[in-house]
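Me: Please take a close look at one part of this model, the open sheet and the helices that pack on it. Then add what can be said about a few other sites.

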Amino acid sequence: MSTIIEPLRGVHDILPAQAAAWRFLEQTTREVFAAYGYEEFRVPIIEQTQLFKRSIGDFTDIVEKEMFSFVDQGEDHITLRPEATAGIARAVISNGMLRTGRLRVWCMGPMFRRERPQAGRYRQFHQIDAEAFGFEGPDIDAEMILLSARLLRRLGLSRIKLHLNSLGTPAARAAYRERLVAYFSTYESQLDEDSRRRLHGNPLRILDSKHPDTQRIVAGAPHLADSLDPESKTHFETLCGHLRAAGIEYHVDQRLVRGLDYYTRTVFEWITDSLGSQSTVCAGGRYDGLVAQLGGAPTPGIGWAMGQERIVMLLEKQGRIVPADGPQVYLIASGERAQRAGLELAERLREARPDLRLQVNMGGGNFKAQFKRADKSGARYAIVLGDDEVARGTVSWKDLRGGQAQQECAIDRVAERIGVLLGNEQANTG
Ligand code: ATP
Ligand code: MG
């Protein structure tokens, strides 16, 4: 016997039993983006490695150690996308989409990062991603945040807090960086190894350190707010005003810097206390320099990404009931004639009721075995066809979840009957 092949580390299957939650998340996502006039954009999963190096930055976690990169037949340097923003920015430039100035788009799909797998952290995971190009003012920052807030609310999730900060212009950020390097250099020997390595490459990342000794040093570090340029300050204050007016609670978090190089001005994260240490479910910010950095005409941009696995975990944890989409009706047929009549009836019913979810028993079995399967399928009703029924031109009808006795009904009245029963059911639950 040959050995079984295991999935790759940090890569998981989404089982049929979990798919309803995923579909609910994806369906709600589509509706909310449509409600704000955002268009769906589908971009490739593989891109030139150079794209991510140039946009995300050499001293970020992603580029330093998390990318799945390979050389394709000795020719192209390819990376599986670790995030969506860089690819969308590349696509917006390559397709000449900025000539008309402005764009609001979203996408959804798998991302790849070679991280240490743990609950809520995987090597293949999924993100919902929103991006807007060509908007300079803080109104779009507010819309982006409102959109993410509405999505989380529509999903029925609670206990998620908005953390907000401003990184200022690249110049202000550079000035802050200098102050940080100076500050952390005086404590260099006391920093953890990762932070020492970041001291000259990406000192802002030290603020994120989870290391207790480093955290103590971080507590005394200079604040970014003191380095902010006046325009960034005004931008941030206006955004905060918009959020207050819209009734969105937020917490200004001086330590929030985000790990990617391309961020400028507004950065934000939605953080929950329901998921342990993988607590950020959505993160984003402005990237006013990114398009120019990738060779496009200077164009401001802003976006966010939401981790779908973490959202699905929250749906489960918070006991959110997602709409069921298993079969409503199970068709039982015993005997060859009945099976043929059953197949035919099932096709007619699907024709008459395209919304009907009907599962037909396959593989035969006696009535007892088939009823067992009907029960397991989760269906509410069973349609039963035996040779007797076929001879009479009827079907039997059973409510699998109610106490009612089996009833008989003419075969050409079944569609009508389903309409009445499922119609009532929808009216009762809707
Ligand atoms: P962290 O500091 O936790 O590594 P990050 O800054 O790398 O987060 P982003 O690049 O901002 O994360 O990704 C946006 C969102 O995507 C995260 O808030 C999270 O919900 C989700 N996410 C990121 N990496 C993973 C992963 N490896 N597995 C599952 N979800 C992830
Ligand atoms: Mg990360």
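Reply: The sheet comes first, then a helix, the cysteines and a loop residue. The model is predicted.

Start with the sheet. It is open and has 5 strands, in the order E13-E12-E14-E15-E16. The pairing is mixed. Strand E13 (358–360) and strand E16 (407–410) are the edges. Each has a single partner strand, so one side of each has no neighbour in the sheet. From one strand to the next, the twist averages 30 degrees.

Now take one pair within the sheet. Strand E14 (residues 381–385) and strand E15 (residues 394–399) run antiparallel. They are joined by 4 bridges. At the residue level, Ala 382 has Lys 398 of E15 as its bridge partner.

Two helices pack on this sheet. Helix H12 (residues 336–352) touches strand E12 (329–333), E13, E14 and E15. The direction of H12 makes about 135 degrees with that of E14. Helix H13 (residues 367–377) touches E12, E13, E14 and E15. For H13, the direction makes about 170 degrees with that of E12.

Turn to helix H5 (residues 138–154). At 1.5 Å a residue, its 17 residues should span 24 Å. The end C-alpha atoms are 24 Å apart, so the expected span and the model agree. Of the 17 residues in H5, 12 are buried, so the helix is largely enclosed by the rest of the structure. Among the buried residues are Ile 140, Met 144, Leu 147 and Leu 151. Charged side chains are on the list too, including Asp 141 and Glu 143. After H5 comes Gly 156, with a positive phi near 80 degrees.

Next, the cysteines. The disulfide count is 0. A disulfide needs two cysteine sulfur atoms within 2.5 Å. For Cys 107, the closest cysteine sulfur is in Cys 282, at 13 Å, so a bond is ruled out by distance. The reverse holds as well: the closest cysteine sulfur to that of Cys 282 is in Cys 107, 13 Å away and too far for a bond. Cys 107 counts as buried because its relative accessibility is 2%. Cys 282 is buried too, with a relative accessible area of 1%.

Last, a loop residue. Asn 202 lies between helix H7 (193–201) and helix H8 (212–219). Its relative accessibility is 6%, so Asn 202 counts as buried despite its place in a loop. Asn 202 and Phe 59 are 143 residues apart in sequence. In space, their C-alpha atoms are 5.9 Å apart.

Note on methods: Residues numbered from 1 in each chain as written. Chains lettered and ligands numbered in written order. Predicted model: local features only at pLDDT ≥ 70, side-chain atom pairs only at ≥ 80, totals over all residues. Heavy atoms only, no water. Buried < 20%, exposed > 50% of the residue type's maximum accessible area, 1.4 Å probe, protein only. Pairing = 2+ DSSP bridges. Axes fitted to C-alpha atoms, helices over the stretch in contact; angles between N-to-C directions. Contact = heavy atoms within 4.5 Å. Expected span 1.5 Å × (residues − 1).
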